[in-house]
Structures are given as structure tokens and as C-alpha cells.
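Work through these exercises with the sequence and the 3D view side by side. Try each task before reading its solution.

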Amino acid sequence: MKVDLHNHEQLKCRLRQAGSSMAEIARTLGIKQSSVTVVSQGYRRSHRVQSAIASQLGTTPQELFPDRYAAEEGSAANKPDIGK
């Protein structure tokens, strides 16, 4: 799992510019602000939290966290079974 504190700081700035915050996202989702923070920083993953951040910024989780989704797309679970 890749920790990206620079991306986290950029997300906080973009949220402020959009009139939102990590705390507001946490309240909306009914979770602790620290839960949103650790997902944003890359210590944990949550599609629900990533989607909420993206929604506030008018974009997609894939655009905000491309390294997280590229790994999922290339995982063995998503590859077709050849030869069966």
C-alpha cells in the first residue's frame, strides 16, 4: 500500500476550495474524521470514503487515486481464466 502525504495535502486544499473538508465528509458518512484521513493518506483503503471525496470534488476515485485502482485492475482476481 502506497502512502502519499503530498496527495493528501492536495486533496485537503481542493476540498477547502470546494467549500468542504475531511471532517464534513466524515460527518456525512457517519464515521470518524481520522478514518477519512487515513484513507486519504493511503494507510487504509475504502471505496466508500474515496468515492465521497471524489464526489465532493466532482471527479472519480480513479482520477484521485490512480495507483490504487491500477493495482486492482491488474490483480489476478480480475483477470479472465484462460484454458478453463
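Helices (H or I, at least four residues) and strands (E, at least two) are DSSP runs, numbered from the N terminus. The model is predicted: local features need pLDDT of at least 70, side-chain atom pairs count only at pLDDT 80 or more, and totals for chains, interfaces and linings use all residues. Numbering starts from 1 along each chain as its sequence is written, and side-chain values use heavy atoms, with hydrogens and water left out.

**Exercise 1. The overall fold**

Task: State how many helices and strands the chain has, and what share of its residues is buried.

Solution.
- Step 1. Count the elements. There are six helices and zero strands. From the N terminus the order reads α-α-α-α-α-α.
- Step 2. Set the burial scale. Buried means under 20% relative accessible area, exposed over 50%, and partly exposed in between (1.4 Å probe, protein chains only).
- Step 3. Apply the scale. Of the 84 residues, 33% count as buried.
- Step 4. Take the surface. Areas come from the Shrake-Rupley method with a 1.4 Å probe; for residues, only the protein chains shown count as cover. The chain exposes about 5400 Å², and carbon and sulfur atoms supply 50% of that.
- Step 5. Check contacts, meaning heavy atoms within 4.5 Å. Among those between residues at least 6 apart in sequence, 50% join residues at least 24 apart.

**Exercise 2. The nonpolar core**

Task: Find which residues of the largest nonpolar core touch the most other members, and which helix gives the most to this core.

Solution.
- Step 1. Define the set. A nonpolar core consists of buried Ala, Val, Leu, Ile, Met, Phe, Trp, Tyr and Cys residues joined through side-chain atoms within 4.5 Å.
- Step 2. Pick the hubs. The largest core has 16 residues, and L11, I25, V36, I53 and L64 touch the most other members.
- Step 3. Assign elements. Helix 1, helix 2 (22-29), helix 3 (33-41) and helix 4 (47-57) each give two or more residues to this core. Helix 4 gives the most, with five residues.
- Step 4. Zoom in on V36. Not counting residues up to four places away in sequence, V36 touches M22, I25, A26, I31, V49 and I53.

**Exercise 3. Helix 1: a salt bridge and a patch**

Task: Locate the salt bridge, then say which residues make the nonpolar surface patch of about 260 Å².

Solution.
- Step 1. Recall the criterion. A salt bridge is a side-chain nitrogen of Lys or Arg within 4 Å of a carboxyl oxygen of Asp or Glu.
- Step 2. Search. The structure holds one salt bridge. E9 pairs with K12, and the closest N and O atoms are 3.3 Å apart.
- Step 3. Place the pair. E9 and K12 both lie in helix 1, three residues apart, about one turn of the helix. An α-helix has 3.6 residues a turn, so residues three or four places apart point the same way.
- Step 4. Check exposure. E9 is partly exposed at 42% relative accessible area, and K12 is partly exposed at 28%.
- Step 5. Turn to the patch. Patches are made of residues with over 30% relative accessible area and no salt bridge; like charges are joined within 9 Å, nonpolar side chains (Val, Leu, Ile, Met, Phe, Trp, Tyr) within 5 Å. V3, L5 and Y43 make this one.
- Step 6. Place L5. L5 sits in helix 1 (residues 5-17). L5 is partly exposed, with a relative accessible area of 43%.

**Exercise 4. Polar residues**

Task: For Q50 and S20, decide whether each is buried or exposed, and name the polar contact partner.

Solution.
- Step 1. Fix the rule. A polar contact is a pair of N or O atoms within 3.5 Å; within protein, one must be able to donate a hydrogen and the other to accept it, and residues adjacent in sequence count only if both atoms are side-chain atoms.
- Step 2. Take Q50, in helix 4. Q50 is buried, at 3% relative accessibility. Its side chain meets that of Y69 at 2.8 Å.
- Step 3. Take S20, in the loop between helix 1 and helix 2. S20 is buried, at 6% relative accessible area. Its side chain meets that of Q56 at 3.1 Å.
- Step 4. Set E63 beside them. E63 belongs to helix 5 (residues 61-64) and is exposed at 53%. The side chains of E63 and T59 make a polar contact of 2.9 Å.
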